[in-house]
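Thanks for coming, everyone. Please have the sequence and the model open while I talk.

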Amino acid sequence: MKGKNIRQMLKGLLLSSITLVVFITILLKGFVYFDGVNQVQSKELLEQSVRKATVECYAVEGVYPSTLEYLEENYGIIYDKDKYGVEYGCWSSNIMPTIVVYKK
């Protein structure tokens, strides 16, 4: 009788441990997935913000800004420069600049 109780207790402990490991694994995979989704959305939001500020500058001043720094100083563009890079290519004051945002 005593050995049977110990086996049942060990079986319950093993089942609980396996369940806990599976739950933690699923939880961690969820965190990783949502972190990836958040990074993609942050990158897209930054690109949209730079485009919006560029068009706003054109509407207000009649020319596209020549540099990204101009947008940062005058139109409130702020981003984490350690996390993202922005390629801003302005070829002419009346042609929409190329804007590419990438994760570093």
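**A walk from the first helix to the strands**

Let's start with serine 49, which sits in helix α1. One reminder before I go on: this is a predicted model. Serine 49 has a relative accessible area of 30%, so this residue is partly exposed. Now look along the chain to isoleucine 78. Serine 49 and isoleucine 78 are 29 residues apart along the chain, yet their C-alpha atoms are separated by 9.4 Å.

Stay in helix α1 and find glutamate 47. Its relative accessibility is 22%, so glutamate 47 counts as partly exposed too. Which residues does glutamate 47 touch, not counting those up to four places away in sequence? The answer is Ile99 and Val101. Isoleucine 95 is another matter. From glutamate 47 to isoleucine 95 is 48 residues in sequence and 18 Å in space, C-alpha to C-alpha.

Next stop, threonine 54, also in helix α1. Is threonine 54 buried or exposed? With a relative accessible area of 0%, threonine 54 is buried, because buried means under 20%. Its side chain has a partner in the backbone. A polar atom of the threonine 54 side chain lies 2.7 Å from the backbone oxygen of valine 50. Threonine 54 also has contacts beyond four places in sequence: Tyr64, Pro65, Leu71, Tyr88, Met96, Pro97 and Ile99.

Now the core. The largest nonpolar core has 14 residues. Which of them touch the most other members? They are Leu46, Val50, Leu68, Leu71, Tyr79 and Val86. Four elements each supply at least two residues of this core: α1 (2-61), α2 (68-75), β1 (84-89) and β2 (98-103). Helix α1 gives the most, with four residues.

Pick out leucine 71 from that core. Setting aside neighbours within four places in sequence, leucine 71 is in contact with Val50, Ala53, Thr54 and Cys57. Its list also has Pro65, Gly76, Ile77 and Tyr88. We met threonine 54 a moment ago, and leucine 71 is on its contact list as well.

On to helix α2. Which residues of α2 are buried? They are Leu68, Leu71, Glu72 and Tyr75. These four cover an arc of only 115 degrees around the axis, so they are on the same side of α2. There is a general rule behind this kind of pattern. An α-helix has 3.6 residues a turn, so residues three or four places apart point the same way.

Glutamate 72 deserves a second look. Glutamate 72 is in helix α2, and it is one of the buried residues there. Its side chain makes a polar contact of 3.4 Å with the side chain of lysine 81. Beyond four places in sequence, glutamate 72 is in contact with Ile77, Tyr79 and Lys81. Just after α2 comes glycine 76, which takes a positive phi of about 75 degrees.

Now the aromatic rings. How many aromatic pairs does a search of the whole structure find? Three. I'll show two. In tyrosine 58 and tyrosine 64, the ring centres are 4.2 Å apart and the planes are at 15 degrees, so this pair is stacked. Tyrosine 58 counts as partly exposed, at 32% relative accessibility. Tyrosine 64 counts as buried, at 14%. Then take tyrosine 70 and tyrosine 75. Their ring centres are 6.4 Å apart and their planes are at 45 degrees, so that pair is tilted. Tyrosine 70 is partly exposed, at 28% relative accessibility.

Last, the strands. Strands β1 and β2 run antiparallel, and six bridges join them. Five of the six residues of β1 are buried, so β1 is largely enclosed by the rest of the structure. What is the bridge partner of glycine 85 in β2? Tyrosine 102.

Let's finish on tyrosine 102, in strand β2. Its relative accessible area is 34%, so tyrosine 102 is partly exposed. Not counting residues up to four places away in sequence, tyrosine 102 touches Lys43, Lys83, Tyr84, Gly85, Val86 and Glu87. Leucine 46 lies 56 residues from tyrosine 102 in sequence, and the two are 9.8 Å apart in space, C-alpha to C-alpha. Leucine 46 should sound familiar: it is among the core residues that touch the most other members.

Key:
Residues numbered from 1 in each chain as written. Predicted model: local features only at pLDDT ≥ 70, side-chain atom pairs only at ≥ 80, totals over all residues. Heavy atoms only, no water. Core = buried A, V, L, I, M, F, W, Y, C linked by side-chain atoms within 4.5 Å. Buried < 20%, exposed > 50% of the residue type's maximum accessible area, 1.4 Å probe, protein only. Contact = heavy atoms within 4.5 Å. Arc of directions from axis to C-beta. Polar contact = N/O pair within 3.5 Å; in protein donor to acceptor, adjacent residues only side chain to side chain. Phe/Tyr/Trp six-rings, centres within 6.5 Å; stacked < 30°, edge-to-face > 60°. Pairing = 2+ DSSP bridges.
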